[in-house]
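Biologist: I have a structure open and want the reasoning behind its labels. Could you take me through it?

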Amino acid sequence: MNDDDLSVRSRRGGLDDAAEKRFKLLLTSSREALLSHRAGLEFDAEDSLLPGDAELARRITDRVLAARPRPAAPPGRPWLKPTLGVAVLVGLAALIPLSKGRLSERPTAALAPPSPTATAPTSPLAPADAREDRAVPERGVGSAPAATVGVGPSSRSRPRPTVLSRPRSQPDTTALDESASALFARANRARRDADTATAETLYQLLQERYPASAEAIAADMALGLLALNAKRAELASKYFGSYLSRAPDGPLAADALWSRARALSLLGKSAAADESLRELLKRYPGSAYAGAARAKLPRAP
Amino acid sequence: MLYVAEGRRSLPTAEELSPQHDELRVLADAVIRGDAVALRTFLTEMVPQLLRVVRRVLGAGHSDLEDITYEAAYATVESLAQFRGEGSVRHFACRIAVLTAMNVRRREATQKRARQREPVDPEELRSEAPSPEVDAENASLAPIVRELMLTLSEPLAEALSLHVILGYTVAEIAMSSGVGPETVRSRLRLAKQALRQRALGNPSLREALEVEP
């Protein structure tokens with residue numbers, strides 16, 4: 001067994017006594033081996049199923065199925081039988097948000113046909129130059145993040161953050177039947193393209209048209225981050241607080257707690273910021289922010 | 001109706017990655033033939049693992065995990081016809097997820113440089129914390145590995161990712177990458193040297209690791 005594989009086998013728990021001994025010697029004699037092994041252990045420790053992963057995986061699966069071209073029916077034999085199950089599943093899933101009559105726990109129209117302008121992703125196995133040149137795929141329907149779990153009851157009123165003081169740009173909002181997920185996708189694209197004014201307008205439009213949707217809840221996080229970037233810490237804090245009140249156990253809750261702490265810190269509200277960090281550590285001790293949160297909190301005397 | 005597929009909750013072992021034990025091969029062949037039911041079963045089986053791979057590469061705080069995992073899953077299905085049996089289907093798919101996520105990181109870094117923005121922007125805020133500096137103080141190597149993937153050449157970055165992030169052996173990397181084991185060892189040696197330089201260049205991290213340079 002070569003030295004590189006000792007680390008891998010150790011991580012998998014498959015070293016015998018002799019190999020274990022040899023591995024320990026390697027770790028004391030090779031800085032590279034020690035560092036790469038420790039890094040590997042960190043990645044292993046990070047690897048866990050998170051709340052909402054099942055729903056997220058299901059949504060991704062549905063998006064891929066919706067984007068794939070339908071196979072041609074074999075001649076002389078209807079293909080209803082193998083696809084009927086899929087069609088029933090798709091139809092039932094699409095009905096779920098309508099039948100519940102309350103806060104949707106999944107983006108609507110996630111199973112709709114892809115946008116005509118959608119570009120399917122290209123494989124990373126394509127030649128490198130083709131990979132570099134490929135257009136960023138349109139992330140159309142169903143591109144909302146996994147903000148679908150832990151949504152509070154519909155009777156909980158949503159705090160209304162301060163209206164943005166910046167003049168709004170006028171993005172195309174004429175498609176009144178645009179779904180929540182499509183609006184959210186457009187807003188995300190604008191944000192990624194650094195068109196923050198359009199992104200803000202679209203997120204707010206989403207929240208006005210579909211206030212109870214999962215996308216509207218996630219938009220609180222996006223708006224908060226945009227506000228924080230613009231140094232509007234008070235507004236950012238309210239958006240993060242809005243997210244946490246609507247989805248206290250949502251998959252972005254750790255992000256919201258961390259970001260709220262940053263906003264409060266910018267406002268000079270250090271006690272409140274520390275409280276947010278403590279809540280983060282208490283509820284998400286293994287999150288990506290935990291180490292940074294501990295570093296920021298004052299040490300006990 | 002679904003093909004029978006066992007749930008997976010951990011990265012595969014070496015035995016499960018061997019071609020003789022590839023329980024997904026039959027399913028993949030059916031997907032290539034256009035079997036819609038097989039496709040759904042395949043995705044149901046693989047997408048959770050691809051999600052975890054993408055999360056490992058990009059970090060749990062990345063804002064586009066869903067979209068990028070979708071890209072990886074779609075690319076996997078598109079690429080199945082190219083699978084030549086080197087390693088397992090699962091291994092093949094995970095490599096695609098790593099490459100997809102790496103492409104995203106490189107694209108984001110390019111866009112960031114092009115925008116010439118301050119470090120504080122919505123995307124950055126999500127992935128900024130914990131910052132490499134903060135994590136250095138806490139002796140965290142994962143963010144350093146992620147940053148290193150942006151500066152290494154693609155072959156080195158791929159080898160380092162598959163080895164350190166996903167925990168693949170030299171043989172597994174060689175099979176999936178289509179190169180010989182000696183090439184893989186050479187790439188890993190260079191990548192690990194770069195990791196050492198980056199990590200131990202930080203006095204706090206060096207002290208925390210209790211390692212002399």
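Biologist: Which residues have the most contacts inside the largest nonpolar core?

Modeller: This is a predicted model. In its largest nonpolar core, those residues are Phe42(B), Leu43(B), Val145(B), Leu152(B) and Leu166(B). The core has 71 residues. Helix H3 of chain B, residues 36–58, gives the most to this core, with 12 residues.

Biologist: What makes the second core a separate nonpolar core, and which residues does that second core include?

Modeller: A nonpolar core is a set of buried residues of nonpolar types, joined through side-chain atoms within 4.5 Å. The second set is separate and has 44 residues. Among them are Phe184(A), Leu202(A), Tyr243(A) and Ala261(A). Phe, Leu, Tyr and Ala are all on the list of types that count.

Biologist: What are the elements of chain A, helices or strands?

Modeller: Chain A has 13 helices and 0 strands. From the N terminus on, every element reads α.

Biologist: How much of chain A is buried?

Modeller: Buried residues make up 49% of its 301 residues. To count, a residue must be under 20% relative accessible area. Chain A exposes about 14600 Å², and carbon and sulfur atoms supply 58% of that area.

Biologist: Why is Lys231(A) called exposed?

Modeller: Exposed means over 50% relative accessible area. Lys231(A) has 56%, so it is exposed. Lys231(A) is in the loop between helix H9 (214–229) and helix H10 (233–246) of chain A.

Biologist: What is the phi of Lys231(A)?

Modeller: Lys231(A) has a positive phi of about 65°, although it is not a glycine. Most residues other than glycine have a negative phi.

Notes:
Residues are numbered from 1 along each chain as its sequence is written. Chains are lettered from A and ligands numbered from 1 in the order in which they are written. This is a predicted model: local features need pLDDT of at least 70, side-chain atom pairs count only at pLDDT 80 or more; totals for chains, interfaces and linings use all residues. Side-chain values use heavy atoms; hydrogens and water are left out. Helices (H or I, at least four residues) and strands (E, at least two) are DSSP runs, numbered from the N terminus. Buried means under 20% relative accessible area, exposed over 50%, partly exposed in between (1.4 Å probe, protein chains only). Accessible areas come from the Shrake-Rupley method with a 1.4 Å probe; for residues, only the protein chains shown count as cover.
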